[in-house]
Amino acid sequence: MKFLVAGAGLAGLNAAWELVKAGHSVEVFESNDRVGGRCWSETLSNGEVIEHGGEFIDVNDHTIRRLCAEFGLPIVSLGITFDRRWQVDGTIMSSGELAENIRNLTEAAERLVKKQGYRTSLREVAREAYGPDYASLPYCQKLFATTTCDPDKVNGIAIARMFQGHSKGYIEHRGRVMAGNDAVAKEIHRRIGDIVRFNTPIVEITQDDTGVRMTSASGEVFRGDQAVIAVPLPRLQKLIGTVDLPPLMRKAIEGRVMGAAAKLNIVVSGDAPPRGMQAPGAPWWSWSTEANEGYKARGALTVYVGGKATMDTLRLDDGGKYWLEQARRYRTDLNVSDDYILTNWGTNPHTGGAYSMPGLDWEPEQDNVFSQAVGRIAFAGEHTHFASLNGALESGARAAKLLTLI
Ligand SMILES: Cc1cc2nc3c(=O)[nH]c(=O)nc-3n(C[C@H](O)[C@H](O)[C@H](O)COP(=O)(O)OP(=O)(O)OC[C@H]3O[C@@H](n4cnc5c(N)ncnc54)[C@H](O)[C@@H]3O)c2cc1C
């Protein structure tokens, strides 16, 4: 059996690896010149490993943790809290307050479902949960930044249900792969062998009784028996024009929204402890994480902004200079250098954005649409499962399983 895979991010790579392990012939097509997609690590001039994209590995992210164990890749603690961020006045919400914020959001969402149905925006749910001053509330600022999308265009019910927290109370202690998260992608690539064709964007996919066909931007045609499509949402939305899909699946793909985000990774020095800190009066934040020897912060500060509206206020067109100054002004706990890397996912040609959220027309039935193949094609990627590194890996394994079960 010959399989074609479009996209060599974590989803496509894991699908390819599962298929290779099952003894199939596989070919992977990638528009970029590297594997990993939004899982992309780099080393700053002072030797600190940073992440351009996906960084925090949750305690419940068992698939990526299992792969790291298998590959012998240590996951180190970040040493900061993700949902509870320090404010410049030296305060931080307690875990009880965090639990209350999450509970308020969930309860508001369920009240609004009863009142007006599922077509309810994230802004409506936030206003119902936190009142008219919702936008200045630390938890709400975190929520809007993390979802990376216009809060009027994404579904507040789906998002509130997604962020309900852990069943055994809230657990922080997230981690990162010490060598860089993309070591996972690189190791899968090494194990699957030389089957990834780089600089080969797929622009058309068709299927019939005899097999599947992928066409690249340069007009090359590739044929196989079955295919996994693991390209980012905006690219998928273009590709499905030539594929006959069940109406619910089409609605889930067309209605989902891609967000925008950017990161500034800066060389820093100082003896301060690791700390995640909200920018004063603005919905973006920054974090310095724990050094490998513990307690002290590493020599890297990551500054993150989610959502186009806030990104516009940071004048990213100047290459990050204005944003760097804003970060330096409030991160007085560290010596913030001029040595930095700006990554703007809003303008990334390969992904068309940062990560995706359910759109206003989301309904609960859409949640399981990708647990079926469509003829010879299965879909993978964060947009088909959960918008995380772990979610992408799991979606790839699911797609491979769906096709090999046929
Ligand atoms: C700024 C940022 C912060 C994040 N933070 C976190 C975090 O802290 N924790 C976490 O778990 N997750 C985080 N994520 C999300 C996580 O990185 C993604 O969910 C995950 O990496 C997506 O993997 P994927 O395989 O679905 O997509 P991708 O990694 O985008 O892979 C898709 C691949 O398809 C390629 N491609 C595109 N078009 C075509 C085409 N036409 N033909 C062939 N190939 C194509 C792309 O180049 C890419 O390599 C973050 C993401 C961003 C951007």
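Let us start at the ligand, where one of its oxygen atoms sits 3.2 Å from a polar backbone atom of E55. What you are looking at is a predicted model, so each distance here is computed from that model. Right beside E55 in the numbering, G54 offers a polar backbone atom as well, and this one is 3.4 Å from an oxygen atom of the ligand. A further backbone partner is L389, whose N or O atom lies 2.9 Å from a ligand oxygen. How much of the ligand does the protein cover? On its own the ligand has 1,000 Å² of accessible area, and the protein covers 95% of it.

It is worth looking around at the shell of residues that does this covering. There are 35 residues surrounding the ligand, and the closest are E30, R38, F56, E382 and L389. By character, the shell divides into 17 nonpolar, 13 polar and 5 charged residues. Two elements give two or more residues to it: the helices α1 (10–21) and α12 (389–404). If you look for L389 in the picture, you will find this residue at the beginning of α12 (389–404), and its backbone is the one that lies 2.9 Å from a ligand oxygen.

Now step back to see the whole protein. Its secondary structure comes to 12 helices and 19 strands. The radius of gyration is 21 Å, close to the 22 Å that the globule rule gives for 406 residues, so the protein is as compact as a globular protein of that length. Along its principal axes, the C-alpha trace spans about 65 × 55 × 40 Å. Of the 406 residues, 56% count as buried.

The chain is divided into domains. Domain 1 is put together from the stretches 2–40, 181–257 and 357–404, while domain 2 covers 95–162 and domain 3 covers 260–347. Between the centres of domain 1 and domain 3, taken over C-alpha atoms, the separation is 32 Å.

With that map in hand, a few individual residues make good stops. Take N199, found in the loop between β7 (196–197) and β8 (202–208). Although N199 is not a glycine, it has a positive phi of about 50 degrees. This residue is exposed, with a relative accessible area of 54%. Y295 is another stop of this kind, in the loop between β15 (285–290) and β16 (297–306). Its phi is positive too, at about 60 degrees, and Y295 is not a glycine either. At 62% relative accessibility, Y295 counts as exposed.

Next comes D89, which lies in the loop between β5 (75–77) and α3 (95–116). Is D89 buried or exposed? With a relative accessible area of 59%, D89 is exposed. Its side chain is joined to that of T91 by a polar contact of 2.6 Å. D89 also shows how the fold brings together distant parts of the chain: P280 is 191 residues away along the chain, yet the C-alpha atoms of D89 and P280 are separated by 8.8 Å.

Our last stop is R331, placed in the loop between α11 (321–330) and β17 (335–344). Residues count as buried under 20% relative accessible area, and R331, at 0%, counts as buried. What does its side chain reach? The side chain of R331 reaches the backbone oxygen of R275, at 3.2 Å.

Key. Residues numbered from 1 in each chain as written. Predicted model: local features only at pLDDT ≥ 70, side-chain atom pairs only at ≥ 80, totals over all residues. Heavy atoms only, no water. Near = heavy atom within 4 Å. Polar contact = N/O pair within 3.5 Å; in protein donor to acceptor, adjacent residues only side chain to side chain. Areas by Shrake-Rupley, 256 points an atom, 1.4 Å probe, with all protein chains shown as cover. Helix = DSSP H or I, 4+ residues; strand = E, 2+ residues; numbered from the N terminus. Nonpolar A, V, L, I, M, F, W, Y, C, P; charged D, E, K, R; others polar. Domains from an automatic or database assignment. Rg over C-alpha atoms; globule rule 2.2 N^0.38 Å. Buried < 20%, exposed > 50% of the residue type's maximum accessible area, 1.4 Å probe, protein only.
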